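This report describes the fold of one protein and a selection of its local features. Please consult the sequence and the structure shown below.

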Amino acid sequence: MSHSLGLRPSKIIAVHLNHRCRAAERGRVPEVPSYFLKPPSSLSETGSPLVRPRGCELLTYEGEIAVVIGTRARNVDRADASRHIGFFAAANDAGLHDLRWPDRGSNLRSKGGDGFTPVGPSLIPADSVDAGRLRLRTWVNGNLVQDSSSADLIFGFEYLIADLSRTITLEPGDIILTGTPTGAGVVRPGDVVEVEVAEGGRLRNEIVAAAVPLAGIGAMPRIDDEARAVAGPPAGNLGVPEAAADGTGLAPATVEALGAVSTATLYSQLRKRGLNEVFLAGVRPVRAGRRLLGRARTLRYLPLREDEFQRRGGGMNAQKRAVEGLGSGDVLVIEARGEIGAGTIGDILALRAQIRGAAGIVTDGPLRDTSAVADLDIPTYAAGSHAAVLGRRHVPMDVDIPISCGGVLVLPGDVLVGDDDGVIVVPADLVDDVAAAALAQEREEAYVVDKIRGGASVADWYPMTPAARAEYEESR
């Protein structure tokens, strides 16, 4: 095996399911990552053909961020795992779902075919990019079909390396394929797949038909409804818009709706869907009259233990890494356990978050330098003020993991909306539906308010009687 970039991995490890948007598409979120191996002989490069065997239909593309190990990793701590990343690159985790049925889980024949792991066209030095905001895009025949980023990963790069290295030595040059976002699908001979990570150039591979049929031994191609469902739709049916200009990645209509409706209305809609614990208790805006909208990036503080603070509290600690990892559309959400005895963030880091383009800051602990933070342009929500520094009560511990803030579970990638009442969390897979329904509810309620102002009785209009509703529908 040779590769123009000099890649010679001893192993290629792929994650089964690791993007939140993909998990929402599949209807399940894994508690822990699961993996499969692809043989080194599956490695190929930009310009190499992806060969679909004769008699097969379901050859799929999956654009992914590839992590290339730079230094040997064995039983490494999550906090130190990023030091073992040498490069990032674009990858296509190609698969043949016609042969998935005999090796389900291991994916040996469906994913391990020669040339089924194109990587390239360049290696991106890990220290040259913001690993928390690596943009991943895939095109088929020039049409954008996948658009996501490393911020959408359920298990980040450090988590994967720490997890795998507990029992498996990761050698320099080994490759970890970190999962594909929504939008993967089936391609046919003549199609061209391109994958790009950050500004590393497009990995380009054309689909070609094999010249000879598979030999008639062992498992033969088989297609059923499950295989078609897992493989995804043909590429001709796919397409996603470019990311919204506000950086959230939400549809423009959703952004418009969430910018207009109250958190109270959103709570009503989420409660109708069985979600009650979604409004952050005790968290208030430091300056009234602002709106907050963005995707959660999380930071967890644990109770102070002096030895751990000495180990983790200085230098580029989790707090500073979280701030430096923010980008457009991100909201920094801090778990401080409702502890009011120390500040959780102050004006300098809040200013840095603003300069990074973040959409807001939310903490269930106090702020330091509250008046200075209030004068910034970044919407900020907190549980009060305290002059003491972080190390009085907290150890900065983890970034981009599920946390509790204001008594609410917050997952990285969740959508946060804030107004003068406070902050509400909207699960990413519900946001479009909830936003549209909330906007419709507020239009209806505005009509009811006008009727009440005009002297109508709440007996008829709150809630609406059938006659009142008929009048409202006709007015629309």
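The sections below pass from the overall fold to two helices, the salt bridges and a surface patch.

## Overall architecture

The model is predicted. The protein contains 13 helices and 25 strands. Its C-alpha trace extends over about 80 × 65 × 30 Å along the principal axes. A compact globule of 476 residues would have a radius of gyration near 23 Å, and the 25 Å of this protein agrees with that value.

Half of the chain is enclosed: 50% of the 476 residues count as buried. Among contacts with a separation of 6 or more, 78% involve residues 24 or more positions apart. The protein exposes about 20,700 Å², of which carbon and sulfur atoms supply 51%.

## Helix α3

Helix α3 covers residues 157–164, and 6 of its 8 residues are buried, so this helix is largely enclosed by the rest of the structure. The buried residues are Phe 157, Leu 160, Ile 161, Ala 162, Asp 163 and Leu 164. Their cover includes the strands β1 (12–15), β2 (35–38), β6 (63–69), β7 (85–92) and β12 (175–177).

## Helix α6

In helix α6 (residues 263–272), the buried residues are Thr 263, Thr 265, Leu 266, Gln 269 and Leu 270. Viewed down the axis of α6, these residues fall within an arc of 155°, so they line one face of the helix. In general, an α-helix has 3.6 residues a turn, so residues three or four places apart point the same way. The face of α6 turned away from the buried side carries the exposed residues Arg 271 and Lys 272.

The buried residues of α6 pack against two helices, α5 (252–258) and α11 (431–453), and against the strands β24 (415–419) and β25 (422–426). Thr 263, a residue of α6, counts as buried because its relative accessibility is 2%, under the 20% cut-off. Leaving aside residues up to four places away in sequence, Thr 263 touches Phe 279, Val 417, Gly 418, Asp 419, Asp 421, Gly 422 and Ile 424. After α6 comes Gly 274, which has a positive phi near 90°.

## Salt bridges

The structure holds 27 salt bridges. One of them lies within helix α11, where Asp 450 and Arg 453 are 3 residues apart and therefore separated by about one helical turn; the N to O distance of this bridge is 3.9 Å. Arg 453 counts as exposed, with 69% relative accessibility.

Elsewhere, salt bridges that share partners join Asp 77, Arg 305, Asp 307, Glu 308, Arg 311 and Arg 312 into one network. Within this network, Arg 305 pairs with Asp 307 at 2.8 Å, N to O. Arg 305 also forms a salt bridge with Glu 308, with the closest N and O atoms 3.8 Å apart. Both Asp 307, at 43% relative accessibility, and Arg 305, at 47%, count as partly exposed.

## A nonpolar surface patch

Ile 452, Val 458 and Tyr 462 form a nonpolar patch on the surface, and together they have about 320 Å² of accessible area. Tyr 462 belongs to the loop that connects α12 (458–461) with α13 (466–475). This tyrosine counts as exposed because its relative accessibility is 64%, over the 50% cut-off.

How values were computed
Residues are numbered from 1 along each chain as its sequence is written. This is a predicted model: local features need pLDDT of at least 70, side-chain atom pairs count only at pLDDT 80 or more; totals for chains, interfaces and linings use all residues. Side-chain values use heavy atoms; hydrogens and water are left out. Patches are made of residues with over 30% relative accessible area and no salt bridge: like charges are joined within 9 Å, nonpolar side chains (Val, Leu, Ile, Met, Phe, Trp, Tyr) within 5 Å. Accessible areas come from the Shrake-Rupley method with a 1.4 Å probe; for residues, only the protein chains shown count as cover. A salt bridge is a side-chain nitrogen of Lys or Arg within 4 Å of a carboxyl oxygen of Asp or Glu. Helices (H or I, at least four residues) and strands (E, at least two) are DSSP runs, numbered from the N terminus. Buried means under 20% relative accessible area, exposed over 50%, partly exposed in between (1.4 Å probe, protein chains only). The radius of gyration is taken over C-alpha atoms; the globule rule is 2.2 Å times the number of residues to the power 0.38. Contact means heavy atoms within 4.5 Å. The arc is that of the directions from the helix axis to the C-beta atoms.
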